[in-house]
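Below is a colleague's note on the model, arranged as numbered points that move from the chain as a whole to single residues. Please read it beside the structure.

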Amino acid sequence: MAASADLLRTLRGAAPLWRAALVNAWFWFAGITCMTLLPVLTRTTLMRGPGAVTLGLTVFSLGIGAGSFLAASRLRGRIALAPAWGGTVAVGIAALALGALAAADRFGVTLALLFVAALGGGVIAVPSFAAVQAWAPAEARARAVAGTNILSAAGMVAASLILTALLHAGIGPRALFAGLGAIALSLALAARR
C-alpha cells in the first residue's frame, strides 16, 4: 500500500503528468462501464442472446481500434492531450444517445452508437498513455507508468462497484448509459475551463 501511494505521489509531482494519468483512468472507467452494461443492455433492453453480446463486444473492440488509429494519425508523433477532449465528447454523446435510443427494434442503431462510444475511448487512450510515457522523466518513467496503472485499476474497480450497486438497486442500463454520457460531457466542459 505504501509503495502504491509512493507511485501516485510521483505522478502528482508534475501537474501535466497527473492530468494525463487521470485522463487514462477516465478511459478505463468509461470502458469498463460500457463493457459491464453491454450484456445487461443486450439481454434486458435489446432482447437478444449471447451471440448479440459477442457481436457487441466485437463492435466495441473495433471502435477502440479505430479510435486509437484516428488519435495516432491526428497526433502524427506529437504528444498532446487535446484529442482526448474530443474523445470524451464522443463518449458523452454516444452514451446519452444509447440511453435514449437503445431498443429491441433498434439493434443496428445501438451497435453504431456503441461503436462511436468505443471510438471516442480509443481517442482518449492513445494520447493519455503516450503523454504519461513521454512527460515522465526518464529515470521515473517506469514508476509513472506503474502509478498510472494503479490509478486506472482504481477507476475500473470504482466503476464496477458503482455499477453493481446501481444495477442491484434496479436502475436499468439505459439510465446508466445516460449517466455515463452526462459524466463525460461534464468532464469535457470542465476541461475547457
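1. Among the contacts in the chain with a separation of 6 or more, 82% are made by residues 24 or more positions apart. The model discussed here is predicted, and every value in this note is to be read with that in mind.

2. As for secondary structure, the chain holds seven helices and zero strands, and the order of its elements from the N terminus on is α-α-α-α-α-α-α. Because the radius of gyration is 17 Å, close to the 16 Å that the globule rule gives for 193 residues, the chain is as compact as a globular protein of that length. The C-alpha trace spans about 55 × 40 × 35 Å along its principal axes.

3. On burial and surface, 42% of the 193 residues of the chain count as buried. The area that the chain exposes is about 9,300 Å², of which carbon and sulfur atoms supply 70%.

4. Helix α6 covers residues 141–168, which makes 28 residues, and its span from first to last C-alpha is 40 Å, close to the 40 Å expected at 1.5 Å a residue. Its buried residues are A144, G147, T148, L151, S152, G155, A159 and L163, and these pack against α1 (2–12), α2 (15–44), α5 and α7 (173–192). After α6 comes G170, a residue with a positive phi near 95°.

5. Which residues does T42 touch, if those up to four places away in sequence are not counted? The residues in question are M47, R48, G49, A52 and V53. T42 itself belongs to helix α2, and it counts as buried because its relative accessible area is 1%, which lies under the 20% cut-off.

6. M47, one of the residues that T42 touches, sits in the loop between α2 and α3 (50–75). Its phi is positive, near 55°, in a residue other than glycine. With a relative accessibility of 60%, M47 counts as exposed, whereas T42 is buried; the contact between T42 and M47 therefore joins a buried residue to an exposed one.

7. R76 also deserves a look at its backbone, since this residue has a positive phi of about 50° although it is not a glycine. R76 lies in the loop between α3 and α4 (82–101), and at 72% relative accessibility it counts as exposed. A reader checking backbone angles may wish to view R76, with its positive phi, together with M47, whose phi is likewise positive.

8. Where on the surface is there a nonpolar patch, and which residues make it? L62, F115 and V116 form such a patch, with an area of about 240 Å². Of these, F115 lies in helix α5, which runs over residues 107–135, and its relative accessibility of 31% makes it partly exposed. Patch residues must have over 30% relative accessible area, so the 31% of F115 satisfies that cut-off.

9. The last point concerns a pair of residues distant in sequence. A175 and L98 are separated by 77 residues along the chain, while their C-alpha atoms are 9.0 Å apart in space. A175 is found in helix α7, and at 47% relative accessibility it counts as partly exposed. Helix α7 is also one of the helices against which the buried residues of α6 pack.

Conventions
Residues numbered from 1 in each chain as written. Predicted model: local features only at pLDDT ≥ 70, side-chain atom pairs only at ≥ 80, totals over all residues. Heavy atoms only, no water. Patch = residues over 30% accessible without salt bridge, like charges linked within 9 Å, V, L, I, M, F, W, Y side chains within 5 Å. Areas by Shrake-Rupley, 256 points an atom, 1.4 Å probe, with all protein chains shown as cover. Salt bridge = Lys/Arg side-chain N within 4 Å of Asp/Glu carboxyl O. Helix = DSSP H or I, 4+ residues; strand = E, 2+ residues; numbered from the N terminus. Buried < 20%, exposed > 50% of the residue type's maximum accessible area, 1.4 Å probe, protein only. Expected span 1.5 Å × (residues − 1). Contact = heavy atoms within 4.5 Å. Rg over C-alpha atoms; globule rule 2.2 N^0.38 Å.
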